Amino acid sequence: MTLSLICPACGRTLDRSLVQRAVCTGCRLEYSETLGIPDLRGPGAVTPEWDVAIVEQMVACYPQATYAELIDIRLRGAPTFGDLIGHEVGYLLTQTERGRRMVGMFQTRLAQYFGPTARAAALDIGCGSGASLPPLGERYDQVVGIDPSLPDLILARKALEIEGVANVQLVQAFGQRLPFPDGSFDYVNALNVLEHIFDLSAVLCEAHRVLRPAGGFGADSRNRFDLFLPEPHVKIRWVGLMPRRWAKSYVQWRKGVGYDATRLLSYAELRRELRGLFRQRYKVVLPYVSAYGSPAWIDEWLSRLERVPILRDLALWVFPSHLVLAQR
């Protein structure tokens, strides 16, 4: 059984009984499917030319291709940063273990502050190539992963096949227009994605809408004012300390690439966005750095620091990442 999907244009239920397309039962709009992944981005969605070519190649060789071979097609066909391709390949090949650590952290800390969630259904917003999907599939009866990038979703499909996970549904969609009825999920997950959302208010509003009462939200967010580590997307230190209008030019000068797909968030920005929707039922806290691969003893020191309010607040302003937890 799969979760209900709704038309992003009119909100009516979709009929998915047809081959390679879904049809809205209300406005009768048709939505294409590729490898069983429906495109529900909605009318007017634009697909970059390089994505079209990448998808054609990935679909053509999908049955016999390995996950590593699909990664190569994905990265070589897109305008990926030349000196970061090796990093991207390593990141994708090690995603399963990283996803398990991160989802485990989200769930543990969410239960610590708000109690455990029900286990019927979970949504992964910006699932990308699927790092969070296998561990979510182990914890929840039904899981949906959404992402606007079809090449990444094809990678996720292959990764799920390799892991033998069969209770995950993939959907090409935007976070600010989720194609699901109200109250569909017990938990909404967002791993490494908040800094890539340029309409965060709309996405958080949608996440809140599709959560069931007492449903939980877990996410991490790279800190704009991080003083300790290079910005992970371009490997440059202190980019977030600059005015936003300067950062693009600086990255272009240093790396020769654009910086249009990332908008780092500060501690204050996160709290402001969350407060408007979740009222007092949210927390922005320090993450377990062991979930990112750092030594576990650092978590013990951070736990002690969190018990001292003034030190905790100072750390949250400059620590590399934030952990976001909320309950509807």
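Two strands count as paired if DSSP finds at least two bridges between them, where strands (E, at least two residues) and helices (H or I, at least four) are DSSP runs numbered from the N terminus. The exercises below concern a predicted model, in which local features need pLDDT of at least 70, side-chain atom pairs count only at pLDDT 80 or more, and totals for chains, interfaces and linings use all residues. Residues are numbered from 1 along each chain as its sequence is written, and side-chain values use heavy atoms, with hydrogens and water left out.

**Exercise 1. The four-stranded sheet**

Determine the order of the strands in the open sheet of four strands, and state which of them stand at the edges.

Solution. Begin with β1 (residues 14–15) and β2 (residues 21–24), which pair in the antiparallel sense over two bridges, Leu 14 having Cys 24 as its bridge partner in β2. Five residues lie between the strands of this hairpin, and Gln 20 takes a positive phi near 60° there.

Next, three bridges join β2 to β3 (residues 30–34), again in an antiparallel run, with Ala 22 opposite Tyr 31 in β3. The hairpin of β2 and β3 has five residues between its strands, and in this hairpin Arg 28 has a positive phi near 70°.

Then take β3 and β4, an antiparallel pair with two bridges, in which Glu 33 stands opposite Pro 38 of β4. The order is therefore β1-β2-β3-β4, with antiparallel pairing. Each of β1 and β4 (37–38) has a single partner strand, so these two stand at the edges and one side of each is left without a neighbour in the sheet.

**Exercise 2. The seven-stranded sheet and a helix packed on it**

Describe the open sheet of seven strands, and identify the strands that helix α6 touches.

Solution. The strand order is β7-β6-β5-β8-β9-β11-β10, and the pairing is mixed. At the edges stand β7 (168–172) and β10 (282–285), each with a single partner strand, so one side of each lacks a neighbour in the sheet. On average, neighbouring strands here are turned by 15° against each other, direction ignored; the underlying axes are lines fitted to C-alpha atoms, for helices over the stretch in contact, and angles run from 0 to 180 degrees between N-to-C directions.

A parallel pair within this sheet is formed by β8 (residues 185–190) and β9 (residues 211–222), over five bridges, and Ala 190 stands opposite Ala 219 in β9. Helix α6 (residues 150–163) packs on the sheet, touching β6 (142–147) and β7 (contact means heavy atoms within 4.5 Å). The direction of α6 makes about 170° with that of β7.

**Exercise 3. The second largest pocket**

Establish which element gives the most to the lining of the second largest pocket, and how the lining divides by class.

Solution. A pocket is defined on a 1 Å grid over the protein atoms alone, as an open set of points where a 1.4 Å probe fits, with protein on both sides within 12 Å along at least five of seven lines; lining residues have an atom within 4 Å of a point. Grid points are joined across faces, edges and corners, and a volume is the space filled by probe spheres set on the points. About 230 Å³ of space lies in this second largest pocket, and its lining includes Tyr 113, Tyr 267, Arg 271, Glu 306 and Asp 313.

The elements that give two or more residues are α9 (267–278), β10 and α11 (309–318). Of the elements, β10 gives the most, with four residues, and Tyr 282, Lys 283, Val 284 and Val 285 are among the lining residues. By class, the lining has six nonpolar, no polar and five charged residues, where Ala, Val, Leu, Ile, Met, Phe, Trp, Tyr, Cys and Pro count as nonpolar, Asp, Glu, Lys and Arg as charged, and the others, Gly among them, as polar.
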